[in-house]
Amino acid sequence: MPVHPALWACLAVVLAVGALFTLPPLRRAILTRGIFAAYRKVLPQMSDTERDALEAGTVWWEGELFRGKPDWQKLHAYPVPKLTAEEQAFLDNECEEACRLVDDWQVTHELYDLPANAWRYIKERGFLGMIIPKKYGGLEFSAYAHSQVVTKLSTRSSALSVSVMVPNSLGPAELLLHYGTEEQKNHYLPRLAKGIEIPAFALTSPWAGSDAASIPDAGVVCKGVYQGKEVLGMRVSFDKRYITLAPLCTVFGLAFHLYDPEGLLGDKKHIGITCALVPYDHPGVDTGRRHFPLNAMFMNGPVRGTEVFMPLDFIIGGPAMAGQGWRMLMECLAAGRSISLPSSNTGMAQMTARAVGGYARVRSQFNMAVGKFEGVEEALTRIGAYTYLMDAVRKMTAGAVDLGEKPSVVSAIAKYHVTERARQVVNDGMDVIGGKGICLGPSNFLGRAYQQVPVAITVEGANILTRSLIIFGQGAIRCHPYLLPEMRAAQNPDARQGLIDFDRALFGHIGFTISNAWRAFRQGITGSHFVSVNTDVAPEMRRYYQQLTRFSAAFAFLSDVSLLVLGGSVKRREKLSARLGDILAQMYLISCTLKRYEAEGRQQADAPLAHWAIWDAMYKAQQAFDGVLANFPVRFIAALVKRVIFPWGHPYVVPSDAFGHQVAKSLLSPSATRDRLTAECFVPLHEEEPVGAIELALQATLAAEPIEAKIRAAEKAGRFANNPRANVRDIAQVAAELGVITAAEFEIMQRRTHLRDIVVRVDDFPFDFGVATANKPAPDRMAA
């Protein structure tokens, strides 16, 4: 039977299309060449600083989440960070002693600085040189140990933790380790390790702010006199602010644009951003004044200088590293940001969880501990679950640094979301403790933290910009398996090789998008119940792995659709970019929480903390999906994508109140769960200490509760009728007099009452309190 001509025509079309897509030379000639030419025209030019920022750091677990099919075996294969015996001993001894030497009320109200003996101790014991190798006299601690130390110190005092944190974060020591000359390392690193030198790093300009690449600070290569000799150097003018430790630093790193108009170093007139190391007493340098950041008494202030001549040897890495400052900063920033603010804010959350939880059991209203009211329970739930999640993020991210990663996207996620949850935790804590929290004084354990929360939100990249511009803006390009190769191919000066590379990346990208669309739809239509989790996980957590796999595929598909429709304008659509970043970030937070639950041995008592934190993050990710789709500029595409991602509607509602009840309950009494949740807290068991008094009062309250129940029963039976002394304050005394409770039981009640009264006490002061302010001398850098 002859074949119909139409069938031959159809077969010919199929073969032609097949050849077009499977034969790269033909495909490039007919299809890709035109796309490549158009793409090169619309792709915006990228400056060197933009390229350095984009390519800085490494891609880690966030890359798995971006590809739509996370390898859970890979997540659980990452080693769990652990302390060495030396690091643990330092945490148990030196850190405890450093905390003991600091009283936050004295620091924030009387001294406006750490006490001299605390400064002396942290310098002598190597706190300022934790990242410096032992061969230079440093402690050579892991990133995880660094994180543990900062977390613990932050449970005591922000001034203490920040003063230790900054020298071990982005600053002279880290830059010298990676880029310094041997002469610079041998001179400065031993002095930094011993605290002989106190470092700072001057980057932020009043006119550039978070746009650090646009700093106006500039130097010009020229000849000048240094130490009596004419040398080749630079004349630099700079005006910096918000520089932590600047008022008492002895040496500071300085970032500025370097120009060479006379060609003394070569043909390049604008050499680029350069980092130099400058002694505080170098002629023309102006330091010593301080800012006053919301009663946080860590030293912070401006650094200025006009036409300051510096030899080229001041450049970190020497003259060969002139113009390499921006890349240096971008490569080092990820590691520092992965540790500093996530750790300090987790410490603040741990202290809040332990102290506010204890307070809510000690403090009673209407004859019941306030922590048992459902309204208060709701706040305690967020405090407990967010602290659990924050600590998980902190540990996993620090562990990445110890693996050699410089996770730029992950560090932005950790910085933004840990500090935002810390803000919520402290706000909730203030709501629970009420009037005690709003009156500052020696017994207020949370007021200063509440004041200082905006500091973390603002520094190391303002949170608004981190969310709107960095997390997805950088993450999409770095984490996407094909987007950066496409851009590099388009920018290749060899057009022929660029076309070949672009063709390979483009058609890989098309297949990637189609497979994720199909995977998202298939997993959505089946509720992700048939998703394979390729490793052994806790049965009670298995559904989260399945749902997170589904969300990963949906996110990858939505990201590609957004990039296809919006193109380069996606970074100007900051609200959409922020919501896409929220999805990626929530998936990372969930991954960290799942990792923690497995790493700690699937502690069943801790499961409510993990359940509530994960469910809340899943719900937030779902809301972010909705936010993107509801505001997508092309409505019919948004409707189509929504049907693919959520074919049966939303899988998540708000977290369960039942889990919330269990979370709140875990904060209200001593337990292994409470200890694990607040493991890094400094808890001085003295009633003169606010947190220590709460801890002692909690123990006394639990011992007194059965006795109090006897008293309440007697009260209901009318034993105290018409007795004016049978009030909330004196009823135990009346009960003892009437024989309702024994003498021994009365002693227990007296102990509880004594400690309770200390806990609920609000400080008061003389009428003229704070009127006269003592004239304080400028800080002594060497004696501090």
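Strands are DSSP runs of E with at least two residues, helices are runs of H or I with at least four, and both are numbered from the N terminus. Keep that handy for the tour. What you have open is a predicted model, where local features need pLDDT of at least 70, side-chain atom pairs count only at pLDDT 80 or more, and totals for chains, interfaces and linings use all residues. Residues are numbered from 1 along each chain as its sequence is written, and side-chain values use heavy atoms, with hydrogens and water left out.

**The whole thing**

Start zoomed out. The protein has 30 helices and 9 strands. Its C-alpha trace spans about 110 × 95 × 45 Å along the principal axes. The radius of gyration is 30 Å, close to the 28 Å that the globule rule gives for 784 residues, so the protein is as compact as a globular protein of that length. (That radius is taken over C-alpha atoms, and the rule is 2.2 Å times the number of residues to the power 0.38.) Of the 784 residues, 57% count as buried; buried means under 20% relative accessible area, exposed over 50%, and partly exposed in between, with a 1.4 Å probe and protein chains only.

**Stop 1: E230**

Select E230, in strand β3 (residues 229-244). At 62% relative accessibility, E230 counts as exposed. Show its contacts (heavy atoms within 4.5 Å): leaving aside neighbours within four places in sequence, you get K223, G224 and V225. Now draw a C-alpha to C-alpha distance from E230 to F507: 60 Å in space, with the two positions 277 residues apart in sequence.

**Stop 2: the tryptophans**

Next, look at rings. The structure holds 26 aromatic pairs. Rings of Phe, Tyr and Trp (its six-membered ring) pair if their centres lie within 6.5 Å; planes under 30 degrees apart are stacked, over 60 edge-to-face, and the rest tilted. Pick W61 and W72, a tilted pair at 5.5 Å centre to centre with 50 degrees between the planes. W61 is in helix α4 (residues 61-66) and W72 in helix α5 (residues 72-77), 11 residues apart. Both W61 and W72 are buried. Add W60, Y78 and Y545 to the selection, and you have a cluster linked by ring pairs.

**Stop 3: helix α22**

Y545 falls within the range of helix α22 (residues 542-566). This helix has 25 residues and reaches 36 Å from its first C-alpha to its last, close to the 36 Å expected at 1.5 Å a residue (1.5 Å times one less than the number of residues). Of those 25 residues, 21 are buried, so α22 is largely enclosed by the rest of the structure. Step just past α22 to G567, which takes a positive phi of about 60 degrees.

**Stop 4: along α15**

Move to Y386 and W612, an edge-to-face pair at 5.9 Å centre to centre and 65 degrees between the planes. Y386 lies in helix α15 (residues 374-402) and W612 in helix α24 (residues 607-630), so the pair ties together parts that are 226 residues apart in sequence. Y386 is buried at 5% relative accessibility, and W612 is buried at 10%.

Show R421 too: its charged end sits over the Y386 ring, 5.1 Å from the centre. (That takes NZ of Lys or CZ of Arg within 6 Å of the ring centre and within 35 degrees of the ring normal.) For another case, R596 lies over the face of Y388, at 4.1 Å from the ring centre.

Finish at K395, also in helix α15. K395 counts as buried at 18% relative accessibility. Not counting residues up to four places away in sequence, K395 touches P81, Y144, Q148 and E600.
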